[in-house]
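This report is meant for a reader who meets the structure for the first time. It looks at how the ligands are held and then at how a pair of helices pack.

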Amino acid sequence: MTVSIDYRTCPLCEATCGLEVTHEGEKVLRIRGDRDDVFSRGYICPKGSTLGKLDEDPDRLRTPLIKRDGAHVPASWEDAFELIESRLGPVIAEHGPNAVAVYLGNPNVHSMSGTLYPRVLLKMLGTKSIFTAATVDQMPKHVSSGLMFGHPDLIPVPDIDRTSYLLMLGANPYESNGSLATAPDWPGRLQAIRDRGGRVVVVDPRRTRTAAAADEHVFIRPGADALFLFAVVNVLFAEKLVGPGRLSDHIDGLDALATAVDSFTPDLVAAATGVGAERTREIARALARAESAAVYGRIGTHTAEFGTMASWMVDVLNVLTGNLDRPGGAMFPEAAHEQTRERRGFRLGRWQTRVSGIAEVRGELPVSALAEEMLEPGDGRIRALITIAGNPVLSTPASDRLDTALAGLDFMVSVDIYVNETTRHADVILPGASPLRRPHYDLAFNQLAVRNVANYSPALFPLPDGTPDEWQVLLRLGATLSGQGRDADLDTLDDGVFGMMVGSATANPASPIHGRDPQEIFNATNGGRGPERMLDLLVRTGPYGDGYGARTDGLSLQLLSESPHGIDLGPLRPRLPDALCTPSGMIELAPDRLVADVPRLLASVERVLNGRFLLIGRRHVRSNNSWMHNIDVLVKGKERCTLQISTVDAERIGLEPDGRAKVSSEAGALVVPVEISDDIMPGVVSLPHGWGHDLDGSAMSVASERPGVNTNRLSTGAMDPVSGNAILNGIAVDVVPA
Ligand SMILES: Nc1nc2c(c(=O)[nH]1)N[C@H]1C(S)=C(S)[C@@H](COP(=O)(O)OP(=O)(O)OC[C@H]3O[C@@H](n4cnc5c(=O)[nH]c(N)nc54)[C@H](O)[C@@H]3O)O[C@H]1N2
Ligand SMILES: Nc1nc2c(c(=O)[nH]1)N[C@H]1C(S)=C(S)[C@@H](COP(=O)(O)OP(=O)(O)OC[C@H]3O[C@@H](n4cnc5c(=O)[nH]c(N)nc54)[C@H](O)[C@@H]3O)O[C@H]1N2
Ligand code: SF4
Ligand SMILES: [Mo]
C-alpha cells in the first residue's frame, strides 16, 4: 500500500489547527502540524497528533450496544432501533414529548453532524426538555451578548494579533488553547503582543502558564471577577476616562450604567476581590490610555456565581474605552457560512423548569436542574433521556444525584463513541464516528475566530460498511420518535430538511438568493446528502459566497475542497452598527435584566468565608474535558488529578507534600492526592474536572487505570440565576488531611 499525506482540521478543541496526516491506507503513520495552514502555520498540541490512536482505540464503539440483564452486548442497528421504538414510543405516547429530555454535550459543536442535525432531531421529537453543556460553560456570554447586541451569538473576540493591551480574566489558553476566541498558537500570539511593545495582563487565582508568560499577573479571589470589573468601570466614570469614540452615537443606557456601578468603588470591593484599590485604578487607566486594548473573560469568569454580571462588564469595558469593533480591540468575526441575522432582539425566560422555576435561555434549560426534573415526582417528570456526545455524570454539577437519577429512568439512549460514566446507564448506545471518518468545517468556531478563515476537509477514511454516519443516526432517531417509523427513508427525509433550508433562504430578503427558484438552487448545490450539502448552501449564501452565480470568484464547497490548507479571508473588520440585532439598533449598555441583578452582586461584598477554602478548576493541555483519557500517550506520566493548595495553607492545616486531603462541600466529599504549590492563591484550592473513571459498567480500559476523582461531586448545583449557568468555580469547601 502507498503512503500518502492529507491535510485535515483538528476538531478536538476550539483552536482549529491544521493537521498533516501521513497514512498508509487507513493506518495513520504520523500526524504533525500543517505548516501551510493559513491560520495555524504548523502549530499543534499533543492531542492533535493522537487522532490516529483514537481511531484505533479498541474501546471506541463500532457497533450499537443494547443492555441485557444489566450488561451491554453488541447488537445490530435494526435491533437497536427496534428497541428504541418499542420502549421510547410508549413513553412519548403516554406522557408527551417533554418527558424525554435531550442532553447535547460539547463535541457536538466540534462536528458538522453534531452542529446541524440535533436541531432536526429536536424538532421532530418536539421536546422542550433540552439541556446542553452550554449551561456548564458560556451561557453568561450568550445572555450578555443577546441583551447588549441583540443576538446571543454576536460575541466579540479579542483581536489579539493587533492589540497593544490584553486584559484576560479566567482564561488559560496555554492549556486550553483558547475558548470563545479561536486562535491556533495562543502562546505565540501572546508573545507577539509583548514583542511589539504591548502588554498582557492575566487575572487568575492561580499563576498559570499563561499568567507566568504575561507582563503582569493579578491574583483574584474566585468568584470576584464581577466585583473587580464593576470597580474598573466605576473608575472610568469617576476619573472621566469614558470614551466610546466612534460608537458614541450607537449606545443606549450610559447614565443607567453609571448609576449601576456607582457604589462599586475599588476600595469597597478590595477585600472581597483581593485586588488592591490602587491596582484596580491603574488597570482602568491603562485600559483607557492604551493605543488599543481588549478585555477578554473566559471560563473562570463565566462558571461563577455572577457569571453574567462579569460577562456584561467585559463588553462594557470594551465599549467605554472605545475598543469595541475596532482593530486591536474586541471585534465581531464574520465567518464564511454566516447568515444574515434578523433584528429581533433577545428574550429569555419564555418558559421555566417544572421544579425550581428556572428560566429558559435560548430554548434550553440549565443542566444543573436535570436531576431534580427526573427525581421529583409529579406531572411533567422527565422519564427518559437521550444524550448525544456528552458525559454529564462527570461534567455537570452534583454528579452523585444525577448518577442516581439516570439509574432510575424508564429508558435512556446515548449516541457516543465510548461506554463512559454516563452512557453506561443507557439501554441503547449508538456509536458516533471517529474524527478521521467524518468531514470537518468548523461551523461553531469560525464564528469566534480572531481572523476570518475557512477551512474544509472531507472525511479522511470511510466509515466501515454498513455503518451509518452520525447525521443519519440522528435523522433515524428523529424518524423513530416522531412516528414516521425507524424504517423511514433517510434520503427523502434529508431532502426534505435541506429543501426547507433552501426555501427559507430564497424567501429571505437579506439572502443573496432571495427570489430565486428553490428547485434550481436545490439542484445546483454540491456535497451529496448530509452536512456537506448544507455547508455548500451556507457558504455560497454567506458573506463571501458565490451566491449561486451572483458573485464571480465567490466561495463554494468546491472552492474550499480545492484549498486543503484553508482560505484566509483576512483580519477582522468593523461591523457595527450594521451587525447589531437589538430592536433599538443600538448597543444596550444597561439592559433591565442585568441591572436587576446588581443588588445581589453588591450584597456579596459583605461575605465572609470563616476559614473555608474556595475550590476552582483547571485544565491540562493533554486532557479534553472527560474524554481522551483512554489514549495512553496522553494520560501517562505524573498524576494530574491532584488538589493544588498553597504552601501556607498546607502548613496551616497539616498537609504533607505526598499526602492526601479530604475535600468536602454541601454536595459530597472526596479524597485526593495533594500538590503543594506557590502558584495558587492562599485560601484557594484547585482540582481539574473530567476525572473519576472508576464507576462500574463503563468500558474505558486505559482511563480506568488512572481514574482520578470527580470534582463535580463537590459542585452543588447552584447556579447564576440570570443565565442558569452552573457555579463550578468558587465553591466553598473544607479541606483536612486524609
Ligand atoms: N467542574 C467543572 N466541570 C466542568 C467544567 C469545568 O471547568 N469545571 N467545564 C465544563 C465545560 S466548559 C464543558 S464544555 C463540559 C463538557 O461536558 P460534556 O460535553 O458533557 O462532556 P465531555 O467530557 O466533553 O464528553 C463528551 C462525550 O462525547 C463523546 N464524543 C466525542 N466525540 C464524539 C463524536 O464525534 N460523536 C459522539 N456521538 N460522541 C462523541 C465522548 O466519548 C464523551 O463521552 O464540562 C463542563 N464541566
Ligand atoms: N487541554 C484542554 N483544552 C481544552 C479543554 C480541556 O478540557 N482540556 N476544554 C475545552 C473547553 S470545553 C473549554 S470551554 C475551554 C475553556 O478554556 P479556558 O477558559 O481557557 O479554561 P481553563 O484552561 O480552565 O482556564 C480557566 C482559568 O480560570 C481560572 N479561574 C478559576 N476561577 C476563577 C475566577 O473566579 N476568576 C478568575 N479570574 N479566574 C478563575 C482558573 O485558575 C483557570 O486558570 O477549553 C477547551 N480546551
Ligand atoms: S490545540 Fe486543539 S485544535 Fe490544535 S491540535 Fe490541539 S486539540 Fe487540536
Ligand atoms: Mo466548554
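A polar contact, as the term is used here, is a pair of N or O atoms within 3.5 Å. The model is a predicted one, and the values below are computed from it.

**Ligand 2**

An oxygen atom of ligand 2 lies 3.4 Å from a polar backbone atom of Gly300, while side chains also take part, since a nitrogen atom of ligand 2 is 3.2 Å from an N or O atom in the side chain of Lys47 and a nitrogen atom of the ligand is 2.9 Å from a polar side-chain atom of Arg619. On its own, ligand 2 has 910 Å² of accessible area, of which the protein covers 98%. Two elements, α6 (173–176) and α13 (299–302), give two or more residues to the shell around ligand 2. There are 30 residues around this ligand, and those that come nearest are Ser176, Asp204, Asp225, Ser623 and Asn625. Sorted by class, the shell of ligand 2 consists of nine nonpolar, 13 polar and eight charged residues.

**Ligand 1**

Around ligand 1 there are 28 residues, of which Asn106, Asp416, Asn420, Arg438 and Ser626 come nearest. The table lists polar contacts between ligand 1 and side chains.

| Residue | Ligand 1 atom | Distance |
|---|---|---|
| Ser626 | oxygen | 2.5 Å |
| His689 | nitrogen | 3.4 Å |
| Asn712 | nitrogen | 2.9 Å |

Taken alone, ligand 1 exposes 920 Å², and the protein buries 97% of that area. Both α16 (392–395) and β16 (411–416) supply at least two residues of the shell around ligand 1, and this shell is made up, by class, of 12 nonpolar, 11 polar and five charged residues.

**Helices α9 and α12**

Turning to the packing of helices, α9 (residues 225–238) and α12 (residues 277–289) meet at an angle of about 60°, and their axes are 9 Å apart. The crossing of α9 and α12 is right-handed. On the side of α9, the contact is made by Phe228, Ala231, Val232, Val235 and Leu236, and these face Thr280, Arg281, Ile283, Ala284, Leu287 and Ala288 of α12. Counted by class, the contact of α9 with α12 has nine nonpolar residues, together with one polar and one charged residue.

Key: Residues are numbered from 1 along each chain as its sequence is written. Chains are lettered from A and ligands numbered from 1 in the order in which they are written. This is a predicted model: local features need pLDDT of at least 70, side-chain atom pairs count only at pLDDT 80 or more; totals for chains, interfaces and linings use all residues. Side-chain values use heavy atoms; hydrogens and water are left out. Axes are lines fitted to C-alpha atoms, for helices over the stretch in contact, and angles run from 0 to 180 degrees between N-to-C directions. Helices (H or I, at least four residues) and strands (E, at least two) are DSSP runs, numbered from the N terminus. A crossing is left-handed if the near helix is turned anticlockwise from the far one by less than a right angle, and right-handed if clockwise. Contact means heavy atoms within 4.5 Å. Ala, Val, Leu, Ile, Met, Phe, Trp, Tyr, Cys and Pro count as nonpolar, Asp, Glu, Lys and Arg as charged, and the others, Gly among them, as polar. A residue is near a molecule or strand if one of its heavy atoms lies within 4 Å of it. A polar contact is a pair of N or O atoms within 3.5 Å; within protein, one must be able to donate a hydrogen and the other to accept it, and residues adjacent in sequence count only if both atoms are side-chain atoms. Accessible areas come from the Shrake-Rupley method with a 1.4 Å probe; for residues, only the protein chains shown count as cover.
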